[in-house]
Amino acid sequence: MILVTVPPLLMLFIPNYANIYLGIDAWWIFAIIFVIDVIFAWVITRITHLCPGQNVVGMCKYAFGNFVGTAFAVLFALLFTFKSFMYFRQTLEYVYMSTYNLEPTYYYVIPMILLVIIAQLFDSRTIFRLSNIVFGFMIATYIVLMISALRNFDSKNLMPVLVDGVGPVFNALPHFFTWTGNVVVLLMYFHNTDTKDSLTKQVVLGSVLAYGIIVVLNVLFIGVFGNISGFFTTSVFELSIFFNGSTYFNNFDSIIKLAWIFSTFIRDSIFICASAEAISQILNVKSTKLIRITLPLVIAILSVFIMKNEEKFFNVAMGVSSVLCAVVQYGAVLILWITLAVKKKSVAGSASTSLQGD
């Protein structure tokens with residue numbers, strides 16, 4: 001799930017925008033995101049160990065009580081829903097671009113809605129199992145991209161390093177939080193896992209692998225194209241032009257696109273599923289089917305009418321969206337972790353005092 005929900009976001013349009021901000025130092029953005037999100041991957045596993053058997057809605061109510069906890073859970077439900085909206089719009093834009101068609105963007109909405117709704121008709125475990133199928137496909141394409149780029153890589157294209165210092169990097173960093181912190185969605189599903197003993201190890205290693213792939217591919221991307229890397233719309237996918245296998249594959253870029261579309265389809269389904277389950281639990285609705293079917297419709301309609309073009313999408317995504325996402329996926333997660341840790345210590349202390357009294 002981590003490999004499906006993280007790399008597709010940070011390898012398509014995002015390196016292009018990072019390059020606009022920072023030029024050849026753009027890869028530092030992804031290196032810092034690597035550190036931040038691996039740390040938070042560890043934090044969210046600590047949260048689930050502090051409150052086992054609950055998803056994030058139950059965790060919030062346990063930590064803060066019913067009223068405040070419900071309000072806190074609403075923040076996470078809104079985060080999942082908002083990210084579903086943003087990511088669906090991004091997928092729609094890329095599917096539209098990939099066809100080289102002059103038809104309006106909304107022509108592609110109906111088939112995409114149908115695919116997502118079909119996925120929502122199954123339970124969440126079925127969606128997660130699909131990520132196992134896509135996993136191997138994705139890793140294989142990423143490895144081929146890396147190998148293809150190596151022979152054209154020139155370390156001089158990365159020089160000079162941080163010529164303007166670290167200030168511009170940290171100033172640009174907040175603009176990218178819409179696409180980071182996606183491991184937070186696992187807080188909705190940890191209670192379903194059968195690998196609780198190795199949960200921390202698996203989540204942290206999965207995050208290291210996911211963000212490691214992102215950093216390496218972006219370093220290769222800039223090392224190959226240098227100062228002109230900011231002019232490529234689909235960023236690291238451009239590395240596929242160096243694939244020396246035309247004897248076997250005439251259109252390797254199509255395979256890369258297919259891997260990306262498969263992974264984004266599952267990513268969007270995962271976030272919509274998380275949104276529907278969180279909303280259903282907050283509203284105390286037993287069946288999530290109706291919400292899981294209507295939510296994609298609402299998201300798709302809003303994505304077409306509100307985000308009418310790519311420019312408007314990225315203005316929102318790298319503006320207010322990044323701030324709102326950071327507040328919940330980092331700020332609210334930290335508050336929840338600290339509160340649960342304090343509560344567990346308090347409960348343990350009360351139990352110890354009670355035993356001494358007895």
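# Exercises on a predicted helical model

In this model, Lys343 is placed over the face of Tyr62, 4.6 Å from the ring centre. The model is a predicted one, and the exercises below work through its fold, core, ring pairs and backbone.

## Exercise 1. Overall architecture

Determine the secondary structure content of the protein and the share of its residues that count as buried.

Solution.

1. Count the elements: the protein has 13 helices and zero strands.
2. Read them along the sequence: the pattern is α-α-α-α-α-α-α-α-α-α-α-α-α.
3. Assess burial: 53% of the 358 residues count as buried.
4. Examine the surface: about 16,200 Å² is exposed, and carbon and sulfur atoms supply 68% of it.
5. Consider the contacts with a separation of 6 or more: residues 24 or more positions apart account for 84% of these.

## Exercise 2. Helix H9 and the nonpolar core

Establish whether helix H9 is largely enclosed or not, and state how many residues H9 gives to the largest nonpolar core.

Solution.

1. Locate the helix: H9 covers residues 199-225, which is 27 residues.
2. Check its span: the distance from the first C-alpha to the last is 39 Å, close to the 39 Å expected at 1.5 Å a residue.
3. Evaluate burial: 21 of the 27 residues of H9 are buried, so the helix is largely enclosed by the rest of the structure.
4. Inspect what comes after the helix: Gly226 follows H9 and has a positive phi, near 60°.
5. Turn to the core: the largest nonpolar core has 114 residues, of which Phe76, Phe80, Leu187, Leu239 and Leu336 touch the most other members. H9 gives the most to this core, with 14 residues.
6. Take one of these members in detail: beyond residues up to four places away in sequence, Phe76 touches Val56, Cys60, Val184, Leu187, Val328, Ala332, Val333 and Leu336.

## Exercise 3. An aromatic pair and its surroundings

Characterise the geometry of the pair formed by Tyr87 and Phe271, and determine whether each residue is buried or exposed.

Solution.

1. Set the description: a pair of aromatic rings is described by the distance of the centres and the angle of the planes.
2. Place the pair in context: a search of the whole structure finds ten aromatic pairs.
3. Apply the description: the rings of Tyr87 and Phe271 are 5.4 Å apart, centre to centre, with 85° between the planes. Because an angle over 60 degrees counts as edge-to-face, the pair is edge-to-face.
4. Locate the partners: Tyr87 is in helix H5 (residues 66-98) and Phe271 in helix H10 (residues 252-282), so that the pair links distant parts of the chain, 184 residues apart.
5. Determine burial: Tyr87 counts as buried because its relative accessibility is 0%, and Phe271 is also buried, with a relative accessible area of 0%.
6. Follow the contacts of Phe271: one of its partners is Val185, a residue of the loop between H8 and H9. Leaving aside neighbours within four places in sequence, Val185 also contacts Phe80, Ile270 and Ala274. Val185 is buried at 1% relative accessible area.
7. Note a further approach: the C-alpha atoms of Val185 and Ser275 are 9.2 Å apart, although the two residues are 90 apart in sequence.

## Exercise 4. Ser322 and the ring cluster

Identify which residues Ser322 touches and which rings form a cluster with Phe177.

Solution.

1. Place Ser322: this residue is in helix H13 (residues 320-357).
2. Determine its burial: Ser322 is buried, with a relative accessible area of 1%.
3. List its contacts beyond four places in sequence: Pro174, His175, Phe176, Phe177, Thr178 and Ala317.
4. Extend from Phe177: ring pairs link Phe40, Phe177 and Tyr330 into a cluster.

## Exercise 5. Backbone exceptions

Find where the cis peptide bond lies, and state whether Asn284 is buried or exposed.

Solution.

1. Recall the background: most residues other than glycine have a negative phi, and most peptide bonds are trans.
2. Identify the bond: a cis peptide bond joins Met159 and Pro160, with omega about -5°. Pro160 lies in the loop between helix H7 (124-150) and helix H8 (167-172).
3. Examine Asn284: its phi is positive, near 60°, and Asn284 lies in the loop between H10 and helix H11 (289-306).
4. Determine accessibility: Asn284 is exposed, with a relative accessible area of 69%.

How values were computed
Residues are numbered from 1 along each chain as its sequence is written. This is a predicted model: local features need pLDDT of at least 70, side-chain atom pairs count only at pLDDT 80 or more; totals for chains, interfaces and linings use all residues. Side-chain values use heavy atoms; hydrogens and water are left out. Rings of Phe, Tyr and Trp (its six-membered ring) pair if their centres lie within 6.5 Å; planes under 30 degrees apart count as stacked, over 60 as edge-to-face and the rest as tilted. Helices (H or I, at least four residues) and strands (E, at least two) are DSSP runs, numbered from the N terminus. Buried means under 20% relative accessible area, exposed over 50%, partly exposed in between (1.4 Å probe, protein chains only). A charge sits over a ring if NZ of Lys or CZ of Arg is within 6 Å of the ring centre and within 35 degrees of the ring normal. Contact means heavy atoms within 4.5 Å. Accessible areas come from the Shrake-Rupley method with a 1.4 Å probe; for residues, only the protein chains shown count as cover. The expected span of a helix is 1.5 Å times one less than its number of residues. A nonpolar core is a set of buried Ala, Val, Leu, Ile, Met, Phe, Trp, Tyr and Cys residues joined through side-chain atoms within 4.5 Å.
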